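User: I'd like to go through this fold with you, piece by piece. Can we start once it's on screen?

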Amino acid sequence: DFGTGDSLARQSRRAALFGEMAFTLDERTLDKSLAFGLWACHMLSLLVWISTFVWALVQQRLKANIKSRPSDSVLPTRCEVYSTRFLVAYAIFDLLRGLDGCFDSSDGVCRAVFGITPVALRFVFWALRDIVLLWNINELLSFSVGWTHKALGWPQFQATQRLLRGACAFSCCGLIGCFAGLCLTNRQSYQAGAVASMVVLNSVWVKTNWALLKKVIPALEVVVAKGVDATDATSTGTAAAPAAEGEERRETPRGASPWVQAAVSQVRSSATLLLAANVAILCVFPCIALEKLVLRGAHTLPLIPGNNLDSWVGNQTSPLVTEKPTGIMLNPALELIEIMIGWLLWTHTVRTSRCDDALRPRYGPPGASPPACGYISEDAFASALLAEVSPASKKAQ
């Protein structure tokens, strides 16, 4: 009986040991497959993004070239020109940042696929990529604020633009400081600081987009509507009914030129999407920062395990995905969000580049001399819109 019981106990321990090994093997195989699959998807996506952004940049330069461009008075706007350049830089920095892969995990440690990129170098490319993206969005919003306010004759747009650039500079400095703190101290709490630095900028973006949607765009639609009504009245010889004070029109009148309708519609849709994203960030990012600092105690956890706190880890490489301890789960949300943002930027670029010339603003009548800068500025955009809805200009045409 004793021998039989001892044999059964050994078999039970052996089965438990092999079962644990099989579970560990399956878990590591699954993590490695997931990490490599997302990394490959990200790299292939980057090749598509870079080729598309470079193609859009070449198209813009061809349009800006007077010798190779027909006299159709169509040029890209300043926002489009700088946005395309920002996106090319964004994709290149994202490629350099993600060559080694980067996956968050349940213990707060970022793990790599190959383990070949030093942490400091990864954070340099990471910071540059985020700064380029933030300034791209900020300049898009600043351009919308500029031409809409100038078309309305409102002088306070310069204060709004200074506020946007100041908030963006503050958040970018916060990002740089937090990435430097991660390398200098090896403390995960600086991850929460990088997340929290985005709250200030997104608060300013919420305020600006809300003002565009609730005040600026309705007033602009009234101006366009009055211009179209006055033009119709001039052509038919009938008096146009005056618009009531404070009247808001949710849709641009059908009598407006196609590019005027497209311009107002684009500002409204961009402000709506940005406002939704900003509100979501303001709701989620503070919770992420508090969870890391309060629940996890991130200030006492190392970014690179095996290294002391308050020590330089910039020359170290991130631990591998396959070397994570049992029970630690990978969190692919970061990579999925990065891929989603890239494809959204790609979609916006394709739609803008393939936009019909009839939906683009004119810098003047056919044959007019193009601006030396090669793009339509805020002043030219607002002047073209006002000239389009002006009865005098309509009558002259």
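Analyst: First a term we'll need: a salt bridge is a side-chain nitrogen of Lys or Arg within 4 Å of a carboxyl oxygen of Asp or Glu. Also, this is a predicted model, where local features need pLDDT of at least 70, side-chain atom pairs count only at pLDDT 80 or more, and totals for chains, interfaces and linings use all residues. Residues are numbered from 1 along each chain as its sequence is written, and side-chain values use heavy atoms, with hydrogens and water left out.

User: Okay, which residue forms a salt bridge with D130?

Analyst: Let's take burial along with it: buried means under 20% relative accessible area, exposed over 50%, and partly exposed in between (1.4 Å probe, protein chains only). D130 counts as buried because its relative accessibility is 15%, and its partner is buried too, at 3%. The closest N and O atoms of the pair are 2.6 Å apart, and the partner is R129.

User: How many salt bridges does a search of the whole structure find?

Analyst: One of them joins the side chains of R122 and D100, at 3.4 Å from N to O. R122 lies in helix 3 and D100 in the loop between helix 2 (78–98) and strand 1 (104–105), so this pair ties together parts that are 22 residues apart in sequence. Both R122 and D100 are buried. For the whole structure, the search comes to 15.

User: You're using helix and strand numbers. What pattern does the protein chain follow along the sequence?

Analyst: Helices (H or I, at least four residues) and strands (E, at least two) are DSSP runs, numbered from the N terminus. The protein chain has nine helices and two strands. Read along the sequence, they give α-α-β-α-α-α-α-β-α-α-α.

User: Back to charges: which residue meets R165 in a salt bridge?

Analyst: The two side chains come to 3.4 Å, N to O, and the partner of R165 is E139. This pair links distant parts of the chain, with R165 in helix 4 and E139 in helix 3, 26 residues apart. R165 counts as partly exposed because its relative accessible area is 32%. At 15%, the buried partner is E139.

User: Which residues are linked with those two in a network of salt bridges?

Analyst: R165 and E139 both belong to the network. The other members are R78, K150, E378 and D379.

User: How do helix 3 and helix 8 cross: left-handed or right-handed?

Analyst: Two packed helices are described by the angle between their axes and the distance between the axes. Axes here are lines fitted to C-alpha atoms, for helices over the stretch in contact, and angles run from 0 to 180 degrees between N-to-C directions. For helix 3 (residues 119–152) and helix 8, the axes come within 8 Å and cross at roughly 45°. A crossing is left-handed if the near helix is turned anticlockwise from the far one by less than a right angle, and right-handed if clockwise; helix 3 passes helix 8 in a crossing that is right-handed.

User: And at what angle do helix 6 and helix 8 pack?

Analyst: Their axes are 10 Å apart, and the crossing of helix 6 and helix 8 is left-handed. Angles under 35 degrees count as roughly parallel, over 145 as roughly antiparallel, 65 to 115 as roughly perpendicular and the rest as oblique. Helix 6 and helix 8 are therefore oblique to each other, packing at about 130°.

User: Which residue in the loop between helix 4 and helix 5 has a positive phi?

Analyst: Most residues other than glycine have a negative phi. The one here has a phi of about 60° although it is not a glycine, and its place is between helix 4 (157–185) and helix 5 (189–236). It counts as buried because its relative accessible area is 0%, and its name is N186.

User: Where is D310, with its phi near 60°?

Analyst: D310 is another residue other than glycine with a positive phi. Its place is the loop between helix 6 and strand 2 (330–331).

User: How far apart in space are S353 and A56?

Analyst: S353 sits in helix 7 (residues 333–353) and counts as partly exposed because its relative accessibility is 24%. S353 and A56 are 297 residues apart in sequence, but from C-alpha to C-alpha the distance is 6.1 Å.
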